[in-house]
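Thank you all for coming; I would like to take a few minutes to walk through one chain and then one of its helices. Please have the sequence and the model open as I speak.

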Amino acid sequence: MRRPLGRGTPLIGALAVMVAAGAAANAKVEGDTIVLGAAVSLTGKYSTNGKNTQDGYDLAVARVNELGGVQVGDTSYKLEVVYYDDESTPARAAQLAERLINQDGVKFLLGPYSSGLTKAIAPVTEKYKIPMVEGNGASLSLFTEGYRYLFATLTTTQFYLREAVNLAAATAEAAGRSPADLKVAMAFENDPFSQDIRAGVTEDAERWGMKVVVDDKLPPEINDMAATLTKVKAVKPDLLLVSGHTKGATLAVRQTAEMRVDVPMVAITHCDSAQVAETLGSAAEYFLCASQWDRSLSYRDDWFGTAEEYAQRFEATFDYAPPYQAAESTAAVLVFVDAFRRAQSFDTEKVRDAIAATDMETFYGRIKFDETGKNIAKPMVLYQVQDGQYKVVAPAEWASAKLIYPRRLAD
Amino acid sequence: MSNLQLLFDAPILCVQLLVDGILIGAIFALAAYGMALVWGVMNVVTICQGEFVMLGGYTAYFLYKAGVHPLFGVPIAAALLFAFGWALYRAVIFRVVDGDLFISILATFGLSILLQQLANQLFGADVRTAESGFRTLFFFDGMVTVSVVKIVAFVAALVVGVALLVFLKRSRMGQAIRATAQNARAARIMGVDTTRVYAATFGLNAALCGAAGALVAMTWLIHPYLGLPYTVRSFMIVILAGLGNVAVVLAAGMGLGAAENFAGFLLGAEYQAAFVFALLVAILLWRRFWLGRTRRYLK
């Protein structure tokens, strides 16, 4: 029942919408309800993460309404979200964004799931000057187009492993060594995602004056890292960085153990999705893993309390632990709520400016956008696998466990 | 060139690269035996070698999950894949045996896509490994590491290779396979059931790949899309080694493994595959040149 209208009806439908739009001059705010719109992937290849996104939005809306809604002027407004299923396809997502804006009269959009779909919708929201806050498009390329109405609560890809470089520098300084003496070995998959990460890491390594001794690009079809790791072993770096989705994570963990690559600090991405601690056991010990968010972080806000309280509320509502995809979606709704409060208006330009000026603490971390619209205030966190558990060890102020350094090889 | 300097500074690294290359080359050689066999006997080029490897890997993985040591997965994967290969011959391959080489490439290419997608649907896209629990051996102060699982894989590849050789030389079916390879029509006239020979050959090929796959799951990792590099490597080894000689296939496999490893070390992982293909072109050119220089005569 996705398309209830028959073949002959769109024209009548469009007319009806025009009449309706005329009748309710401000369709985005109906009575005391603010209507947000979102196209999310409820079917297709992103359906799991699409549901996480929708659940994140729904939890935020329910909580904000429970706490009395959004106070603008003398009225307290409730939130509501209109959803459409984008079927995980970019073309459909763009079409639905048009529909939300033109037919449903929605003036504020929440993002879809994934960088690809966000990329499809951003030109539409830009065209109609409709602010969109998204929590699931991490690609740096979203923020180099000069989009004025696009804002992202999550940390973009080039930051994924920067924290590891900074942690290595801090550890060196604490031990009385200059970070400029550190040697870095990197192996990043030859795809846009991992190369974005590489660009960020390289920038930070240069800033500290570190020496990059190995810089391999892993081909996407790679099944064996032995050649790269032999080199790593020979040059004895102080820090090894690897990113290549779940395959890269599994290979890095398995082969460093097997080849006894003794590097004091190793940081990778995707270890939670590759489940390295669960499946590879002691080989994964002391690996550092990048993540957007974790329930053990000591972030907090007035809506949900601590990150852990958010996670508990989420579990009570949806019967599964919140992945970070849900948390960053919830944060996107909170950004709108905060912006409405400060703008004290529903004018899209005023709300956009208020969003641009956002500087808030949430259970998901601090949110503050740079001029391109990406959140620059929230760091990526680093887990370390300790006794088979993922423990947050960096950045220091949010850490729940102490970094174990240097990494000890399992026997 | 700093990488080359590194090799001169620490020549021991050469040992590591060589050993690793030879050990993994033996696994490539397994899949290549199968391809050479099918190519030689049936004149069919199987582009789904890698998918058989993948299926063998999943067999070992599921056995491992069920508590069976993945090493036992090697014969079990081989047996299961033999049956699968036989069935596949009966369903699809027999239709392309007498046809053009190109048709067989297309048909097996189609099969490879089908198997990949089916595996993705059935097993999910996650990366899997089967833990063998084997340790790693250290030499030269830890500078050279050889994991026991790779040695096991190497020995297994040798054993399977020798078994194949003996099977082809001694057994009735082996003799029938060789007879069919020499002249299918004459073999048929002599009473060889060539349909059965073809099915057995194709099953044998799948079994060899399945054994390789079980070793891959123990040594590296498996996922539904891992096939292509194994198919390409088998193809290369067969091109290099020719269709008839199991020992040369093994040597070519190990040589390729070592060359790949050195290329990855010196040029970076991104040029590992490119180097190997460049090598293939060079060898083909050299062979052509050399063949042109040898006098040919009728024996």
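Let me begin with a term: two residues are in contact if their C-beta atoms, placed from the backbone, lie within 7 Å. On that basis, among contacts in chain B between residues at least 6 apart in sequence, 77% join residues at least 24 apart.

This is a predicted model, in which local features need pLDDT of at least 70 and side-chain atom pairs count only at pLDDT 80 or more, while totals for chains, interfaces and linings use all residues. Residues are numbered from 1 along each chain as its sequence is written, and chains are lettered from A and ligands numbered from 1 in the order in which they are written.

Chain B has 12 helices and 2 strands, taken as DSSP runs (H or I of at least four residues for helices, E of at least two for strands) and numbered from the N terminus. Five helices come before the two strands, and seven helices follow them.

Of the 299 residues of chain B, 47% are buried, a residue being buried if 20 or more other C-beta atoms, placed from the backbone, lie within 10 Å of its own.

Turning to helix H10 of chain B, residues 227-241, its end C-alpha atoms are 21 Å apart, which agrees with the 21 Å expected for 15 residues, that is, 1.5 Å times one less than the number of residues. Its buried residues, among them B:Tyr230, B:Arg233 and B:Ile237, pack against helices H2, H3, H5, H11 and H12 of chain B. Just after H10(B), B:Gly242 takes a positive phi of about 85°.

Terms used. A residue is buried if 20 or more other C-beta atoms lie within 10 Å of its own, exposed if 12 or fewer, and partly exposed in between; C-beta atoms are placed from the backbone.
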